[in-house]
Every structure is written in C-alpha cells, then in structure tokens.
Amino acid sequence: MRRVNQLATLSRAFSGAASSHQRLVQGAAMISTYAASNSQCFASRIAESFGVSNPSVARGVTGTVFFSVAASSLAQEAQAKEAPPVEKLMPKDVVLYQYEACPFCNKVKAFLDYYNIPYKVVEVNPINKKEIKWSDYKKVPILKIDGEQMVDSSDIVDKLFQRIHPDNSVTESDEERQWRGWVDNHLVHVLSPNIYRSVSEALESFDYITTHGNFSFTERLVAKYAGATAMYFVSKKLKKRHNITDERAALYGAAETWVDALKGRQYLGQCFFFHQW
C-alpha cells in the first residue's frame, strides 16, 4: 500500500496532461504493484489501461512516462515550493520539437505543463528529421521560445526556471544532483530494451509514434519499418552494454529503487516540485 500511494503521487503530477498520458502514468503504478502477480492477469490489466493490443508494448512505454515524471520532479523540486506566477515569463511563441515516446521530451513537456505555458508540438520524423533541418542540433527535444533555441532536456529545464525566476539563487542539493543523474544515466537505459524488446513490439511502438506526426502515408511506412528495425537493434546493444539480462525485471527494479528512496516522502530533494492539484 505504501508503494501504491507513493506512485499515485507521480500520477497526480500529470493530472493536467492529456488522457493518453494519464493512462500511461496509471500504468506505471500498475507495473510496480502487479509486477509479482500472475503474468497473464498482469498483462491484461496493462493492455486494458493503455488501450494497446500488445501488453508488452504497453508496459515498455509506461516506463517512458515514469522516467519523465521522475526526472521532471527532480529537476526543480529544490527550487519551488508552490507554483510561481508564469506572468514573469510571458512567452509569445513556444514550440517543442519532439518524438512522442521520447522520455527527455516528456520531461520538458511536464515542466511546461506545470507552469501552464502554452506551446505547440512538432513531431519530428525520426528518419529524415526534416522538421529540424533549420537547426544545427539534430537531436530532440529542441525548444524554441520567441525564436531562441534551447537544447538538452536538463539544460532546457534549468534555463527556463532561471528565466521565470531570475532572482532565485537556490542551488540543487546533493540528493537532487544524485537522483537527477540517476534518472538520466540509469533509468533511461532500461526503457528502450523494454519498448523495443521484440520486432513485433518495436513495430507496434512505431505504429503508435507515427500516428502523432503530420507524416504522409509513405513517410509513415518508412518511419515505422526503418525506425522499428533500427531501434530494435539499438535496444539490444543497450541491453548488452548495461548488462541487462531481464528487461522487465530491470524496469521494475528501477521503479522499486525510486520508491524505496522516497522513504515516505512525496519527492526526492529539498522541496516539492509539483503542488497539490
């Protein structure tokens, strides 16, 4: 029950997000709670929650949102006790270039949603990346605010916070620094082996991803099959590089590590990042 309540806190952090994201966050709680349950029952619960026909894909993608919630809460929890007025920023034009399933992109979206900053999303074609040809930086996320380009999710969050709070001199605590490193350097590496665990799961994942972009029929087909193939082999390399023998166990273990470190608290760090909704 303690673990359910603590993971439910992560779900509340995304209560203002789209319904699809809400289902993913709910799935994250289900993963931790039912990991040791009967596998058939567990799979059916996940599939029902996600609205995805393949429960393995649903469980893998859930890890992405767990990562984004964890990373987002760590990013500013030592710097904000309540939601500050967004009027100090007043951006005129905010555009996020992203991949729908990218955990780092979801981290930036969580920050923008928390501060109620309106933004436009541009889904980048993972094959030709034509949407970001204007930029010398060829990774996502890329955030443009009133024409200014920001890159790297952690750097984006830090710069946005300082822009909103120019007079704030609070620095992150040792605990916050430790866990920000953990989510960026450990948790993220267990996601791809789960999302693209098999060829069929990789194809289904890219089928979901390509429905969110303004792609032509041909572009969707190329992105789906070429992207799924590439990420399937990337996931295998990551699995070998990080000595992952069981993808699901690694994902559940990461969630357990996070929850255990909370020790009854809502967040890791000095203060709360998300206010009570």
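These legends describe close-up views of a predicted model.

**View 1. Strands S1 and S3 pair in the antiparallel sense.** S1 covers residues 94–98, and S3 covers residues 142–145. Four bridges join the two strands. Valine 94 faces a partner across the pair: isoleucine 145 of S3 stands opposite. In a regular strand, side chains alternate between the two faces of the sheet.

**View 2. S3 and S4 form a hairpin.** S4 spans residues 148–151. Its pairing with S3 is antiparallel and runs over four bridges. Isoleucine 142 stands opposite valine 151 in S4. S3 thus appears in two pairings: with S1 and with S4. Two residues lie between the hairpin strands S3 and S4.

**View 3. Aspartate 146 sits in the hairpin turn with a positive phi.** The residue lies in the loop between S3 and S4. Its phi is near 50 degrees, a positive value in a residue other than glycine. Most residues other than glycine have a negative phi. Is aspartate 146 buried, exposed or partly exposed? Aspartate 146 counts as partly exposed because its relative accessibility is 37%.

**View 4. A cis peptide bond joins valine 140 and proline 141.** Omega is about 5 degrees at this bond. Most peptide bonds are trans. Proline 141 belongs to the loop between strand S2 (120–123) and S3.

**View 5. Lysine 263 has a positive phi in the segment after helix H11.** Helix H11 covers 247–262. Phi of lysine 263 is near 50 degrees, and the residue is not glycine. Lysine 263 is exposed, because its relative accessible area is 70%.

**View 6. Phe217, Leu221 and Tyr225 form a nonpolar patch on the surface.** Together the three residues have about 340 Å² of accessible area. Leucine 221 lies in helix H10, which covers residues 217–241. Leucine 221 counts as partly exposed because its relative accessibility is 37%. In soluble globular proteins, nonpolar side chains tend to be buried together.

**View 7. The largest nonpolar core has 21 residues.** Which residues have the most contacts inside this core? They are Trp179, Trp182, Leu187, Val190, Tyr196, Trp258 and Leu268. Helix H7 (174–185), helix H9 (199–210) and H11 are the elements that give two or more residues to this core. H11 gives the largest share, six residues.

**View 8. Another core, of 16 residues, lies apart from the largest one.** Its members include Tyr114, Tyr115, Ile156 and Val157.

**View 9. The whole structure has zero disulfides.** Cysteine 102 is in no disulfide, and its nearest cysteine sulfur is that of cysteine 105, 3.3 Å away. Why does this pair not count as a disulfide? A disulfide requires cysteine sulfur atoms within 2.5 Å, and the sulfur of cysteine 105 is 3.3 Å away from that of cysteine 102. Cysteine 105 is likewise in no disulfide, with the sulfur of cysteine 102 as its nearest cysteine sulfur. Are these cysteines buried or exposed? Cysteine 102 is buried because its relative accessible area is 10%. Cysteine 105 counts as buried because its relative accessibility is 0%. The cut-off for buried is under 20% relative accessible area.

Methods
Residues numbered from 1 in each chain as written. Predicted model: local features only at pLDDT ≥ 70, side-chain atom pairs only at ≥ 80, totals over all residues. Heavy atoms only, no water. Pairing = 2+ DSSP bridges. Buried < 20%, exposed > 50% of the residue type's maximum accessible area, 1.4 Å probe, protein only. Patch = residues over 30% accessible without salt bridge, like charges linked within 9 Å, V, L, I, M, F, W, Y side chains within 5 Å. Areas by Shrake-Rupley, 256 points an atom, 1.4 Å probe, with all protein chains shown as cover. Salt bridge = Lys/Arg side-chain N within 4 Å of Asp/Glu carboxyl O. Core = buried A, V, L, I, M, F, W, Y, C linked by side-chain atoms within 4.5 Å.
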